[in-house]
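Good morning, colleagues. Please look at the structure on the screen, and I shall begin with one detail before turning to the whole.

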Amino acid sequence: MKIYALLNWYDERPDWLAASVASASKLCDGIVAVDGAYFLYPDSLRHPTSGAAQATAIMETALSLHMSCTIHVPDGPWAGNEVGKLQYLFDLGVPEPMEDWFFRIDGDELLSDVPYDARERIEKTDCHAVDLRMWVRTDGVTRHEMWPIRRLWRVVPEMRVGPAHHIMSGIVDGERIYLADSENRARQTPGLDMPDLCMEHRNRQRNPERLERKERYYRQRDE
């Protein structure tokens, strides 16, 4: 079994990206990273990609930790926005179906807590997904607001993202199952619950300008 981190990033601090990759190395054997702005993101046509320093931070950190590394930098913004970019990210991975796993992480996230037997528990499960925990620092310091989230999936045939970015499905035993759907958890395939496997979301530590651009993107997307 191998676990591959799938890193979705755009316009992040190189030190944040290095920290994300380093944190993923506690669980993952390799990393696949995809750069690029969503088409609806402000100024995406003028600035569709992030620049060499960020890709270099990902590559150098991965190689220093003996992780395999694949990086894709597009030639323009992602016309399919979140769904299109995430689908490309999953398709870019080259694992063994039904044996290996994908772990998705963004450039403002860290894999903060990894139990010593995490890989053993994942390898033994019959489930095709893992429910870990996400948390934030509400005041920049205090660890707070922990909630379950699915970011770890067994690689199954025909993995598809959509119609929304939080919905993922695949084929198991000839039938399409929902590996993730954060708005309709009842239809998700059963997952292995690992409350001691945790991620930190650092979105509240962004600068105000970046937060405002993000909100503008969400408004345009929803419209």
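Lys124 and Glu120 are separated by about one helical turn, because they stand four residues apart in helix α4, which covers residues 118-124. This is a predicted model, and I ask you to keep that in mind throughout. The two side chains form a salt bridge, with the closest N and O atoms of Lys124 and Glu120 being 3.0 Å apart. Are these partners buried or exposed? Lys124 has a relative accessibility of 61%, so it counts as exposed. Glu120, with a relative accessible area of 44%, is partly exposed.

Let me now step back to the chain as a whole. Its secondary structure comes to five helices and 11 strands. The C-alpha atoms fill a box of roughly 45 × 35 × 35 Å along the principal axes. How does the radius of gyration of the chain agree with that of a compact globule? For 223 residues, such a globule would have a radius of gyration near 17 Å, and the chain has 17 Å, so the two agree.

Buried residues account for 50% of the 223 residues. Among contacts with a separation of 6 or more, 74% join residues that are 24 or more positions apart. As for the surface, the chain exposes about 10,800 Å², and carbon and sulfur atoms supply 50% of that area.

I turn next to charge. The chain carries 28 positive and 37 negative side chains, and the centres of the two sets lie 3 Å apart. The structure holds 13 salt bridges, and I would like to present some further examples.

In one of them, Arg104 meets Asp106 at 2.9 Å, N to O. Where do these two residues stand with respect to burial? Arg104 has a relative accessibility of 11%, which is under 20%, and therefore counts as buried. Asp106, at 17%, also counts as buried.

Another salt bridge is formed by Arg133 and Asp193, whose closest N and O atoms are 2.9 Å apart. This pair links distant parts of the chain: Arg133 belongs to strand β6, residues 129-137, whereas Asp193 belongs to strand β11, residues 192-201, and the two are 60 residues apart. Arg133 counts as buried because its relative accessibility is 13%, while Asp193 is partly exposed at 42%. Finally, Asp117, Arg121 and Asp196 are joined into one network by salt bridges that share partners.

Thank you for your attention.

Methods. Residues numbered from 1 in each chain as written. Predicted model: local features only at pLDDT ≥ 70, side-chain atom pairs only at ≥ 80, totals over all residues. Heavy atoms only, no water. Rg over C-alpha atoms; globule rule 2.2 N^0.38 Å. Buried < 20%, exposed > 50% of the residue type's maximum accessible area, 1.4 Å probe, protein only. Contact = heavy atoms within 4.5 Å. Areas by Shrake-Rupley, 256 points an atom, 1.4 Å probe, with all protein chains shown as cover. Lys, Arg positive; Asp, Glu negative; His and termini not counted. Charge placed at Lys NZ, Arg CZ, Asp CG, Glu CD. Salt bridge = Lys/Arg side-chain N within 4 Å of Asp/Glu carboxyl O.
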